[in-house]
There are 2 protein chains.
Amino acid sequence: MNEPVLVVGAGLIGTSVGLAARAAGREVLIDDADRDRVRVAVAMGAGREWDGQGAPQLVVVAVPPAAVGRTCAQLLAQLPSCDVSHVCSVQSQPAHYLHGAGSDLARFVGSHPIAGREVSGPTAASADLFVGRPWAVCPVPGSGERAIARVVALAQACGAEPVVLPAGEHDELLATLSHTPQLVASALAATLTGVAADRARLAGTGFRDTTRLADSDPGMWGQIAAANAVHLARSLRAVAEPLRQLADLLDSADQAEVEAAIAELMGRGRRGRALLPGKHGRAAMSLSVVRCVVSDQPGTLARLFGDIATAGVNVEDFRVEHAPGSPVGVVALAVAPASKQALIDGLRAVGWTVTEGPEESL
Amino acid sequence: MNEPVLVVGAGLIGTSVGLAARAAGREVLIDDADRDRVRVAVAMGAGREWDGQGAPQLVVVAVPPAAVGRTCAQLLAQLPSCDVSHVCSVQSQPAHYLHGAGSDLARFVGSHPIAGREVSGPTAASADLFVGRPWAVCPVPGSGERAIARVVALAQACGAEPVVLPAGEHDELLATLSHTPQLVASALAATLTGVAADRARLAGTGFRDTTRLADSDPGMWGQIAAANAVHLARSLRAVAEPLRQLADLLDSADQAEVEAAIAELMGRGRRGRALLPGKHGRAAMSLSVVRCVVSDQPGTLARLFGDIATAGVNVEDFRVEHAPGSPVGVVALAVAPASKQALIDGLRAVGWTVTEGPEESL
């Protein structure tokens, strides 16, 4: 289907949809109440400015959460031959709005590409934002097959993997998978404001990784939270309550009880993590990790990955482990267990300082 | 100081201390109640088995937290010319034990290398575990200068950055920086156990990063928590309480109040994150991020980093962004803003699909 797409809202997601659809050869029209944002999106190559004419077949509403329902209702009324979708992090609230407004739901289906960034705005957009990511497509009662098919086709054109699921299930799931982690990361990072700046340097990679999401722009999170209040409240309590119980137990200072409670909580955490899919959606696979000391010089990584290629090894994942206070770092390389020895031998043979770890997922 | 070091406890940290000290040319003796672990550590090159003879000048106790105080007391009594330290995540409790036991505190100082892994045991050890990491050195009242100097020298020999601070301050800090993030990550990951396996694939990189620590071996965390109960209880409540308040506010469904509370919490989170040091201990610096689409083929990364070197650009940080369900991924490359255009031009010129983002910290 090579039908024109109208993107309404030229922020990070809308502009990225435009860039990705254009890259797939689709015609894209762009609209936004803020003409400056339209100009930026057009300049980036995300499509051409919509003049209210043209014949879009699918409209993608990419406006802030609180405005999604209203904007979809307007467009369903204004463009009676168009299917209308949106890309909002919350699905039930816009659907309720449209139901109440008496909109033509046969031409509507919600959607949500699961791809975000810690930054926002059209300049943060990229054509590859959705590559390989899930893209939830969320029919409401009455959603027509044509609308669903058009959104599925758009998601595929953007390189994403469409996953069709009901709006309510989406919202409950995203409260757990996205909205709660965001707020937990912020609450955890906020505790650092009570720490002297020269002591914060004792933070390790664990604190850093666990709080990375806290860099996010608060921007639309208030609207998202308010729109998904019931599921989010339950999901926040599912994290906060075990932590509060643990704090009470620590006050009682019964070592055996503390140890049992920690073992139980961490055991549940490990079982939860085991449900995450492995690389490329395959079942999680056990990888061997080889760690290589690198200097912070231009060309060092090129030499390292060149030597890895010479050793004939495919690296499944890698991560830089920072070395605060030192111009030296460590690159952790995850490879299939069968490739571990070839990698170690190949790198040592050409002078790299390499150590091996046991199997783990990076 | 090239004095023999006796490592008591051949787990991840003890064996890594042995490997790192040996790599720095120090003589290392190893002891462990479990002779199998000693044999593994010796085979890995972490030192030679201690026969109870020899003349160690410094003993490093690397046994489980609950046994640290007792073991230090025994060694202070058994080796009257030795200084004794340990590498425990908690400092005050062992110090209290030694005080109560009437040990010679002039020959004692606690310490704690801030370097961990999600895996444990001597086979997980590596000589570079401490490279560039902080290593807290925690004197107690009465700790002698010689003992402090010997531990500082050992930390430096292992490539770490010694940071001298009182035991109580260490424990309060680590509750915030390490113990609480561990348990928060577990509590968050545990919520996934209520999600169907085929839905867990909708988790994005945010959930994955925020819960990475939940893979940790529960192993000694119960002992650590019990030994740091007061600080940990306070720190856990500092995370749980704002989340619980937010849940209550969401129940009340006042959108303006929800948005204000989220903005406040996320604002505090961003201020906390800003206190984290940048790469190599420098002040955090703003980096430009360039994202490159890569295929999952051997040699792809070698070609990419080779082309980056040809462009004359030094990559400050990089991360693979997984592409579940697709044999394609994205490598996010963080570079100094002044290098961004050279990197984009250089990679595009040789055919890479590259998009630029705004400045951010990766």
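The questions and answers below concern the contact between two chains and an aromatic pair in a predicted model.

Q: What turn lays chain B on chain A?
A: The superposition of chain B on chain A has an RMSD of 0.1 Å, and the shift along the axis is 0.0 Å. That is the relation of a two-fold axis. The turn is 180 degrees.

Q: What percentage of the contact residues of chain B recur in chain A?
A: The contact takes 132 residues from chain B and 132 residues from chain A. The same surface serves both copies. The share of chain B contact residues that recur in chain A is 100%.

Q: What is the area buried between chain B and chain A?
A: The size of an interface is often given as the accessible area lost when the parts come together. Here carbon and sulfur atoms give 65% of that area. The total buried between chain B and chain A is about 12700 Å².

Q: Which residue forms a salt bridge with A:Arg199?
A: Between chain B and chain A the count is 12 salt bridges. In the one formed by A:Arg199, the closest N and O atoms are 2.5 Å apart, against a cut-off of 4 Å. The partner is B:Glu169.

Q: How many charged residues has the side of chain B that touches chain A?
A: Chain B and chain A have 22 residue pairs in polar contact, with both residues at pLDDT 80 or more. By class, the side of chain B that touches chain A has 69 nonpolar and 31 polar residues. The charged residues there number 32.

Q: Why is the pair of A:Phe130 and A:Trp135 classed as it is?
A: Over all chains the count is 3 aromatic pairs. The ring centres of A:Phe130 and A:Trp135 are 5.2 Å apart. Their planes stand at 50 degrees, which is neither under 30 nor over 60, so the class is tilted.

Q: Is A:Trp135 buried or exposed?
A: Buried means under 20% relative accessible area. A:Phe130 has 0%, so A:Phe130 is buried. A:Trp135 has 1% relative accessibility, so A:Trp135 is also buried.

Q: What is the angle between the planes of B:Phe130 and B:Trp135?
A: Both B:Phe130 and B:Trp135 are buried. They form a tilted aromatic pair, 5.2 Å centre to centre. The angle between the planes is 50 degrees.

Technical notes:
Residues numbered from 1 in each chain as written. Chains lettered and ligands numbered in written order. Predicted model: local features only at pLDDT ≥ 70, side-chain atom pairs only at ≥ 80, totals over all residues. Heavy atoms only, no water. Least-squares fit on C-alpha atoms with pLDDT ≥ 70 in both. Contact = heavy atoms within 4.5 Å. Buried area = accessible area lost by both parts, 1.4 Å probe. Salt bridge = Lys/Arg side-chain N within 4 Å of Asp/Glu carboxyl O. Polar contact = N/O pair within 3.5 Å; in protein donor to acceptor, adjacent residues only side chain to side chain. Nonpolar A, V, L, I, M, F, W, Y, C, P; charged D, E, K, R; others polar. Phe/Tyr/Trp six-rings, centres within 6.5 Å; stacked < 30°, edge-to-face > 60°. Buried < 20%, exposed > 50% of the residue type's maximum accessible area, 1.4 Å probe, protein only.
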